[in-house]
Amino acid sequence: MTTQQLVSEIRKKKSFLCIGLDVDLDKIPAHLLQKEDPIFAFNKAIIDATHHLCVAYKPNTAFYEAYGIKGWKSLEKTINYLNEKHPEIFTIADAKRGDIGNTSTMYAKAFFEDLAFDSVTVAPYMGKDSVEPFLAFEDKHTIILALTSNEGAFDFQTKNVDGKELYKQVIEISKSWKNSQNLMYVVGATKAEYLADIRKIIPESFLLVPGVGAQGGSLEEVCKYGMTDTIGLLINSSRGIIYASNENDFAEAAAAKATELQQQMETILK
C-alpha cells in the first residue's frame with residue numbers, strides 16, 4: 001500500500017485508527033478457548049466488528065511467538081484473512097527487528113514476502129546497514145522506533161549527545177538512508193510534547209503513535225502537535241479496544257470502543 005492510498009483511506013473512513021491485535025489467551029473470552037484456533041477466532045471476530053472503523057491493524061508478533069508454531073500459524077491466518085477480505089487496510093508487523101545486513105534481509109523477507117505485511121517495526125540501534133535491507137522493499141514501509149512511550153525511553157533516547165538528544169539524531173540520520181521516503185516513525189503518545197520538535201525534522205512523515213487509551217496518552221495533544229496536511233498519524237490502541245469485554249459480547253464492546261475513538265478523530269478531521 002502506498003502512502004497516498006493510506007491517506008485516501010483515512011479520508012474515506014474519517015479515521016486514522018490502528019488497532020493492535022495483541023492476543024493473550026489469559027484475557028480472551030473463555031468460550032473461545034474451545035475453538036480449534038482461539039487466537040484466530042478472536043482476531044477474526046475483532047476484525048469483522050471493527051474493520052470499518054480503522055485504517056490499520058498491528059499484531060505484536062511476541063503475542064504469537066509465545067505460543068510456538070501454533071501461534072505463528074495464527075498470525076499467518078490473521079494476515080491472510082486481512083489481505084483477502086480487507087486489502088484496503090494497512091497492516092503492521094510489530095516485530096521490532098533489526099540486525100546486521102544479511103539477518104535483516106531475512107527478517108524483511110519473512111514479514112514482507114512470506115506473510116505479506118505492508119510494514120514492519122524496526123529497532124534502529126545498529127544503524128544504517130540494519131535498516132536499509134527493510135527499505136530495499138520499495139513497495140513496503142519500515143517503521144523505526146524513534147521515541148517510545150515506555151518508562152525506559154529516558155534511559156537512552158532522550159540523552160543529550162554532542163548537544164542534541166539521541167532520538168533527534170536517529171531521525172535526522174535516517175533521512176539519509178536509501179529509500180528513506182518509505183520510513184515511518186514510532187513516537188509514543190505519552191511523549192506528545194516532543195512532537196513539535198520531531199515535526200521540524202520530519203514534517204511530512206507518518207508517525208505510528210501508541211499509548212492512547214490504556215497508557216494514558218491524549219489524542220488531542222498528539223493531533224495538536226503531530227498532525228500534518230496529509231494527516232501523518234496512525235494512532236494505535238490495543239488493550240483499550242480488544243479487551244473492552246471478555247464476555248460473549250467482546251466483539252461488540254471492541255467496536256463500541258473503536259467507535260469512540262473514530263468519532264473523536266472524525267471531529268478532529270473536520
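Q: Helices are DSSP runs of H or I with at least four residues, strands are DSSP runs of E with at least two, and both are numbered from the N terminus. The model is a predicted one. In which loop does Met126 lie?
A: Two numbered elements flank this residue: strand 4 covers 119-122 and helix 6 covers 128-135. Position 126 falls after the strand and before the helix, so Met126 lies in the loop between strand 4 and helix 6.

Q: Is Met126 buried, partly exposed or exposed?
A: Its relative accessible area is 42%. Buried means under 20% and exposed means over 50%, with partly exposed in between. The value for Met126 falls between those limits, so the residue is partly exposed.

Q: Which residues form a nonpolar patch on the surface with Met126?
A: The patch has about 390 Å² of accessible area, counted for its residues together. Besides Met126, its members are Ile100 and Tyr125.

Q: How are helix 5 and helix 6 oriented to each other: roughly parallel or roughly antiparallel?
A: Helix 5 is made of residues 101-114, and it packs on helix 6 with the two axes 8 Å apart. The angle is about 30 degrees. Angles under 35 degrees count as roughly parallel. Helix 5 and helix 6 are therefore roughly parallel.

Q: Which hand does the crossing of helix 5 and helix 6 have, left or right?
A: Two packed helices are described by the angle between their axes and the distance between the axes. The hand of the crossing is a further description, and for helix 5 and helix 6 it is right-handed.

Q: How far apart are the axes of helix 2 and helix 4?
A: Helix 2 covers residues 38-50 and helix 4 covers residues 68-85, and they pack at an angle of about 25 degrees. That angle makes helix 2 roughly parallel to helix 4, and the crossing is right-handed. The distance between their axes is 9 Å.

Q: What is the C-alpha to C-alpha distance between Leu135 and Trp177?
A: Leu135 is found in helix 6 and is buried, with a relative accessible area of 1%. Along the sequence, Leu135 and Trp177 are 42 residues apart. In space, their C-alpha atoms are separated by 8.5 Å.

Q: What distance separates the C-alpha atoms of Asn248 and Ile28?
A: Asn248 is found in the loop between helix 11 (239-242) and helix 12 (250-269). This residue is exposed, with a relative accessible area of 62%. Asn248 and Ile28 are 220 residues apart along the chain, and the distance between their C-alpha atoms is 10.0 Å.

Q: How many salt bridges does a search of the whole structure find?
A: A salt bridge here is a side-chain nitrogen of Lys or Arg within 4 Å of a carboxyl oxygen of Asp or Glu. One of them joins Lys164 and Glu172, with the closest N and O atoms 3.0 Å apart. Lys164 is partly exposed at 29% relative accessibility, and Glu172 is partly exposed at 35%. The search finds a total of 10.

Q: Which residue forms a salt bridge with Lys58?
A: The closest N and O atoms of the pair are 2.8 Å apart. Lys58 is in strand 2 (residues 56-58) and its partner is in strand 3 (residues 90-97), so the bridge ties together parts that are 36 residues apart in sequence. Lys58 is buried at 5% relative accessible area, and the partner is buried at 6%. That partner is Asp94.

Q: Which residues are joined with Asp197 and Lys200 into one network?
A: The side chains of Asp197 and Lys200 meet in a salt bridge with an N to O distance of 3.6 Å. Both lie in helix 9 (residues 195-201), and because they are three residues apart, they are separated by about one helical turn. Asp197 is partly exposed at 29%, while Lys200 is exposed at 66%. Salt bridges that share partners join this pair with Glu165 and Lys168.

Q: What is the phi of Asn179?
A: Asn179 sits in the loop between helix 8 (166-174) and strand 8 (183-187), and it is buried at 14% relative accessibility. Asn179 is not a glycine, yet its phi is positive, at about 65 degrees.

How values were computed. Residues are numbered from 1 along each chain as its sequence is written. This is a predicted model: local features need pLDDT of at least 70, side-chain atom pairs count only at pLDDT 80 or more; totals for chains, interfaces and linings use all residues. Side-chain values use heavy atoms; hydrogens and water are left out. Patches are made of residues with over 30% relative accessible area and no salt bridge: like charges are joined within 9 Å, nonpolar side chains (Val, Leu, Ile, Met, Phe, Trp, Tyr) within 5 Å. Accessible areas come from the Shrake-Rupley method with a 1.4 Å probe; for residues, only the protein chains shown count as cover. Buried means under 20% relative accessible area, exposed over 50%, partly exposed in between (1.4 Å probe, protein chains only). Axes are lines fitted to C-alpha atoms, for helices over the stretch in contact, and angles run from 0 to 180 degrees between N-to-C directions. Angles under 35 degrees count as roughly parallel, over 145 as roughly antiparallel, 65 to 115 as roughly perpendicular and the rest as oblique. A crossing is left-handed if the near helix is turned anticlockwise from the far one by less than a right angle, and right-handed if clockwise.
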